[in-house]
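Reader: I have some questions about how the labels on this model were reached. Please take them in turn and show the reasoning.

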Amino acid sequence: MKKVDRFSERTLAASLREREGYASRLLEIDTRTKKIIESLQARGFKSPYLRNYVVARINPVRFHKSKKGDTKPPMPLAQALTRMAAAAKNFKVDSVSSADLAWVAVGAGAQE
């Protein structure tokens, strides 16, 4: 979210209403993500990185590299949430393999 979220120039009341809408959409995405994780666990995946894996796969800007000094977001927050919700809805639990999760664990270990 930090790649697409920016400080609002609108009034506080308008910004709060807008943010409440974004928050409700994020909660829906989080609920769908939890269901995906439960499905993966039902298939036998037992990794502490399941959530990281799912969130990385539904992230609409995961491959976007911002240029130095560029403050413009790659896409508006509303568009990012729409794309995340669609990606979560279309997530193919059957296509996940143990090797995919192993790569997530390796990446997380390198960052720690």
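Author: Read along the sequence, this predicted model follows the pattern α-α-α-α. The secondary structure comes to 4 helices and 0 strands.

Reader: How do you know which elements the predictor was confident in?

Author: By mean pLDDT, the predictor's confidence on a scale from 0 to 100. H1 has the highest mean among the elements, 92, and H4 the lowest, 62. For the chain the mean is 82, and 83% of its residues reach 70 or more.

Reader: What makes a residue buried rather than partly exposed?

Author: The cut-off is 20% relative accessible area: buried means under that value. Leu26, in helix H1, has 34% and is therefore partly exposed. Gly21 is also placed in helix H1. Its relative accessible area is 29%, so Gly21 is partly exposed as well. Buried residues make up 29% of the 112 residues in the chain.

Reader: Which residues far along the chain do Leu26 and Gly21 pair with in your C-alpha distances?

Author: For Leu26, take Thr82: 56 residues apart along the chain, C-alpha atoms separated by 9.8 Å. For Gly21, take Ala78: 57 residues apart, C-alpha atoms separated by 9.4 Å. As for contacts in the chain with a separation of 6 or more, 73% are between residues 24 or more positions apart.

Reader: Why are the buried residues of H3 said to line one face?

Author: The buried residues are Leu77, Ala80, Leu81, Met84 and Ala88. Seen down the axis of H3, they fall within an arc of 100°, so they line one face of the helix. An α-helix has 3.6 residues a turn, so residues three or four places apart point the same way. What covers the buried residues of H3 includes H1 and H2.

Reader: How do you know that the length of H3 agrees with its residue count?

Author: H3 has 13 residues, and at 1.5 Å a residue they should span 18 Å. The end C-alpha atoms of H3 are 18 Å apart, so the two values agree.

Reader: What puts the buried residues of H2 on the same side?

Author: Leu50, Tyr53, Val54 and Ile58 are buried in H2. They cover an arc of only 120° around the axis, which puts them on the same side of H2.

Reader: Which residues touch the most other members of the largest nonpolar core?

Author: Ile36, Leu40, Val54 and Phe91 do, in a core of 22 residues. Helix H1 (12-42), helix H2 (50-58) and helix H3 (77-89) are the elements that give two or more residues to this core. Leaving aside neighbours within four places in sequence, Ile36 is in contact with Val54, Ala88, Phe91 and Val93. In soluble globular proteins, nonpolar side chains tend to be buried together.

Reader: Why is the Tyr53 and Phe91 pair called edge-to-face?

Author: The count comes to 1 aromatic pair. The ring centres of Tyr53 and Phe91 are 6.5 Å apart, and the cut-off for a pair is within 6.5 Å. Their planes stand at 90°, and over 60 degrees counts as edge-to-face, so the name follows. Both Tyr53 and Phe91 are buried.

Reader: What does this pair tie together?

Author: Tyr53 lies in helix H2, and Phe91 in the loop between H3 and helix H4 (98-111). The pair therefore ties together parts that are 38 residues apart in sequence.

Note on methods. Residues are numbered from 1 along each chain as its sequence is written. This is a predicted model: local features need pLDDT of at least 70, side-chain atom pairs count only at pLDDT 80 or more; totals for chains, interfaces and linings use all residues. Side-chain values use heavy atoms; hydrogens and water are left out. A nonpolar core is a set of buried Ala, Val, Leu, Ile, Met, Phe, Trp, Tyr and Cys residues joined through side-chain atoms within 4.5 Å. Buried means under 20% relative accessible area, exposed over 50%, partly exposed in between (1.4 Å probe, protein chains only). Contact means heavy atoms within 4.5 Å. The arc is that of the directions from the helix axis to the C-beta atoms. Rings of Phe, Tyr and Trp (its six-membered ring) pair if their centres lie within 6.5 Å; planes under 30 degrees apart count as stacked, over 60 as edge-to-face and the rest as tilted. The expected span of a helix is 1.5 Å times one less than its number of residues.
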